[in-house]
Amino acid sequence: GVELVLDPVDVEAEGVRALFYAGMPHQGKPTRVFAWYGAPDTPPGTKLPAMVLVHGGGGTAFAEWVRLWTGRGYAALAMDTCGCVPRGEYGKWERHPDGGPAGWGGFDQADQPPGDQWPYHAVSAVVLGHSLLHSFPEVDPERIGLTGISWGGYLTCITAGVDRRFVFAAPVYGCGFLGENSAWLDTFTGMGPEKTARWLELWDPPVYLKNAAMPMLWVNGTNDFAYPMDSW
């Protein structure tokens, strides 16, 4: 199970519920993950399909994304993967005191233990959010899908290989093989070969994608600056 943290959340948006749930420990301290949750009104006993929504770089949990899916008849959960709450402005969201490591990529964290690096915490937030959906009585646990955009597409790729409970995954503008061609080649050069090799061994999606068993829908552009077509 996943602990639903019942502390008051002083963030509000129409048609959705703000909540925190327990994340993985970071540097020995507990963490909390902020999320929006929504579900359409249905008769008692109805079991809804559901979606887990993973934001991209500079983003946070987006209430409007949840409302998009609830308007289609789904329950939906959108979490923040960088220890923030959706208050502030794009790329500069307010960090909360119990958040995990900041994004994106965690390249500057490559020397730290894997469990203290951003990709570990971000993927864990997605997996734990999925488990939280399983605990809601209105959600059909056999009909939960996963989608993410940009860095969220990257996280979707990893999550598809480590959480095979999802019935499908749809990475949008995201893929793996980032060491072969991606927007981060200069970053890897600056990190040096040893750190780069460690990061790729830990966090490049192909390490995990081979374990994905669900249907996947890849939505990518032919000229995406971050995830070029040859890597996809």
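# A guided tour of the model

Ser-150 sits in the loop between strand 8 (139-149) and helix 3. Start there, and keep in mind that this is a predicted model. Check the backbone of Ser-150: phi is positive, about 65 degrees, although the residue is not a glycine. Ser-150 is partly exposed, with a relative accessible area of 24%.

Next, select Tyr-173. This residue lies in the loop between strand 9 (168-172) and helix 4. Tyr-173 also has a positive phi, about 55 degrees, and is not a glycine. At 39% relative accessibility, Tyr-173 counts as partly exposed. Most residues other than glycine have a negative phi, and most peptide bonds are trans.

Now go to the peptide bond between Gly-103 and Trp-104. The bond is cis, with omega about 10 degrees. Trp-104 belongs to the loop between strand 7 and helix 2.

Select strand 6 (residues 84-89) together with strand 7 (residues 92-95). The two pair in the antiparallel sense over 4 bridges. Find Val-85 and look across to Glu-94 in strand 7, which stands opposite. The hairpin has 2 residues between its strands, and Gly-91 takes a positive phi near 80 degrees there.

Another strand pair comes next. Select strand 2 (residues 17-22): 5 of its 6 residues are buried, so strand 2 is largely enclosed by the rest of the structure. Strand 3 (residues 32-38) runs antiparallel to strand 2, and 6 bridges join them. Use Ala-22 as a marker; Arg-32 in strand 3 stands opposite.

Move to helix 5 (residues 193-203). Which of its residues are buried? Thr-196, Trp-199, Leu-200 and Trp-203 are. These residues cover an arc of only 95 degrees around the axis, which puts them on the same side of helix 5. Turn to the face directed away from that buried side, and the exposed residues Glu-194 and Glu-201 appear. Then show the surroundings of the buried residues of helix 5: they pack against helix 2 (118-134), helix 3 (151-162), helix 4 (185-191) and helix 6 (206-209).

Finish with the cysteines. How many disulfides does the structure hold? The count is 0. Select Cys-82: the nearest cysteine sulfur belongs to Cys-84, 6.1 Å away, and Cys-82 is in no disulfide. Cys-82 is buried, at a relative accessible area of 6%. Last, select Cys-175. Its nearest cysteine sulfur is that of Cys-157, 6.8 Å away, and Cys-175 is in no disulfide. Cys-175 is buried too, with a relative accessible area of 2%.

Notes. Residues numbered from 1 in each chain as written. Predicted model: local features only at pLDDT ≥ 70, side-chain atom pairs only at ≥ 80, totals over all residues. Heavy atoms only, no water. Disulfide = S-S within 2.5 Å. Buried < 20%, exposed > 50% of the residue type's maximum accessible area, 1.4 Å probe, protein only. Arc of directions from axis to C-beta. Contact = heavy atoms within 4.5 Å. Pairing = 2+ DSSP bridges.
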